[in-house]
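Reader: I have a structure open on my screen and would like to talk it through with you. Could we take it one topic after another?

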Amino acid sequence: MKPILQLYRGYANEQELIVMGHVFKRTYEYDFQKKNLRNAKSIINQFRIKTIKNHDVYLKFGNQEIHSKTLDDGYFKFCIPIEKEFDFGWMEYEVLIKYKAEIIAAKGSFIRPHVGNLGIISDIDDTFLISHTKNIFKKIYILLFKNVNDRKVFKDVVPHYQALSSAGRNNKDEQNAFFYISSSEWNLYQFITRFTKIHQLPRAVILLKDIKRGITDFFMSGRGNHDHKFDKIKHVLEFYPNLKYVLLGDDSQHDPVLYERICKIFPVTVKAVYIRQTGKRKKEATKAILKNLENLEVSVCYFKDSSQAIMHSKSIGIIK
């Protein structure tokens, strides 16, 4: 059986390119049809994948062909020093793998953000995608029986994100650096990319949790330790140190705590923190964290509706 090559969106700064993907022994395409039972089967199949460890992978970049191997879970990541100046915006990269006498190639995209002042990092579940994370049974039911075409975003979240993406830009072809960083696993990458495209959310680099390789793992999807989110956010802020950041999350899990840790480590880097209220009442613990962030001169907004977040962003001059 031929191996399958899956690439993810990468990113670059002046000195380094980072691209990543998986090599699978077996995988299943996400079925974007609207039939509920077919959707459930399709989602579960995303957790029945088989990966190939220590498989040779080759990155074609410029005139170079760089060789590496997959990790134990089939994941590969190329962190490549950049030796010469190249363009800004979204660009293509190519990865090759070999199977017997055949070469299997795939093209992905990476971004080198145009010079600017702002970077945006957003959670996914219950930040812009309505997921009901607090109720594990409802979350699983919706994931299984609501096709990607039937899943919903919160009202006014799209215009807010679009405004943040173009904030400070005079050229409509230039966007700010945008990242979706989530505790969902790489298994749901196809679903997330399709969902964001359907709703015209900004095209972003997506950074997810280590892939799962069993049906039992499906029921723990998005749960457990969230330190990987902290590590990935910290990495982005270190990778693009000259930007000011807007962090968007919600109060259903650990976003306020993670964002507080980030703001303490990067006291001049984070410009604003937005936390969506997911329950009927605001959480006292979240209010206390945000008050502490205000003491660090970070602008905060604890909101129920995205229209409030838009007004706040206008009031502090991030968007017009």
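Reader: Let me start with a single side chain: is Phe-76 buried or exposed?

Author: Before anything else, please keep in mind that this is a predicted model. In it, Phe-76 is buried, with a relative accessible area of 1%, and its place is in strand E7.

Reader: And how many Å separate the C-alpha atoms of Phe-76 and Val-270?

Author: Those two C-alpha atoms are separated by 30 Å, and along the chain Phe-76 and Val-270 are 194 residues apart.

Reader: Back to E7, then: in which sense do E3 and E7 pair?

Author: E3 and strand E7, which covers residues 75–81, pair in the antiparallel sense over 7 bridges. As one example of the register, Leu-17 stands opposite Ile-80 in E7.

Reader: Which strand does Ala-12 face, and what residue stands opposite Ala-12 there?

Author: Ala-12 stands opposite Leu-17 in E3. The pairing behind that contact is between strand E2, residues 10–12, and E3, which run antiparallel and are joined by 2 bridges. The connection from E2 to E3 is a hairpin through 3 residues.

Reader: What about E1, how many bridges join that strand to E3?

Author: Strand E1, residues 4–7, is joined to E3 by 4 bridges, and the two run antiparallel. Within that pairing, Leu-5 has Val-23 of E3 as its bridge partner.

Reader: And which residue of E4 is the bridge partner of Phe-24?

Author: The partner of Phe-24 in E4 is Thr-51, and strand E4, residues 50–51, pairs with E3 in the antiparallel sense over 2 bridges.

Reader: Why is E3 described as largely enclosed by the rest of the structure?

Author: The description rests on a count: 8 of the 11 residues of strand E3, residues 16–26, are buried, so the strand is largely enclosed by the rest of the structure.

Reader: Changing topic to charges, how many salt bridges does a search of the whole structure find?

Author: The search finds 12 salt bridges. In general terms, side chains of opposite charge can pair when their charged atoms come close.

Reader: Take Lys-107 as a case; which residue forms a salt bridge with Lys-107?

Author: Lys-107 forms a salt bridge with Glu-92, and their closest N and O atoms are 3.8 Å apart. This pair links distant parts of the chain, since Lys-107 sits in strand E9 (residues 102–112) and Glu-92 in strand E8 (residues 89–99), with their positions 15 residues apart. Lys-107 counts as exposed at 57% relative accessibility, and Glu-92 is exposed with a relative accessible area of 57%.

Reader: How far apart are the closest N and O atoms of Arg-169 and Glu-174?

Author: They are 3.2 Å apart in the salt bridge that Arg-169 forms with Glu-174. Arg-169 counts as buried at 15% relative accessibility, whereas Glu-174, at 21%, counts as partly exposed.

Reader: Where do Glu-260 and Lys-264 lie, and by how much of a helical turn are they separated?

Author: Both lie in helix H7 (residues 255–265), and because they are 4 residues apart there, about one helical turn separates them. Glu-260 forms a salt bridge with Lys-264, with the closest N and O atoms 3.9 Å apart. On accessibility, Glu-260 counts as buried at 15%, while Lys-264 is exposed with a relative accessible area of 51%.

Reader: Which residues are linked with Lys-229 in a network of salt bridges?

Author: Asp-123 and Asp-255 are the residues linked with Lys-229 in that network.

Reader: What residues gather in the patch of positive charge on the surface?

Author: The patch brings together Lys-25, Lys-41, Arg-48, Lys-50 and Arg-213. One of them, Arg-48, is found in the loop between helix H1 (36–45) and E4, and Arg-48 is partly exposed, with a relative accessible area of 31%.

Reader: One last topic, the backbone: what is the phi of Asn-54?

Author: Asn-54 has a positive phi of about 60 degrees although it is not a glycine, and its place is in the loop between E4 and strand E5 (56–61). Lys-100 is another residue other than glycine with a positive value, its phi being near 55 degrees. Lys-100 has its place in the loop between E8 and E9, and at 76% relative accessibility Lys-100 counts as exposed.

Technical notes. Residues numbered from 1 in each chain as written. Predicted model: local features only at pLDDT ≥ 70, side-chain atom pairs only at ≥ 80, totals over all residues. Heavy atoms only, no water. Salt bridge = Lys/Arg side-chain N within 4 Å of Asp/Glu carboxyl O. Buried < 20%, exposed > 50% of the residue type's maximum accessible area, 1.4 Å probe, protein only. Pairing = 2+ DSSP bridges. Patch = residues over 30% accessible without salt bridge, like charges linked within 9 Å, V, L, I, M, F, W, Y side chains within 5 Å. Areas by Shrake-Rupley, 256 points an atom, 1.4 Å probe, with all protein chains shown as cover. Lys, Arg positive; Asp, Glu negative; His and termini not counted. Charge placed at Lys NZ, Arg CZ, Asp CG, Glu CD.
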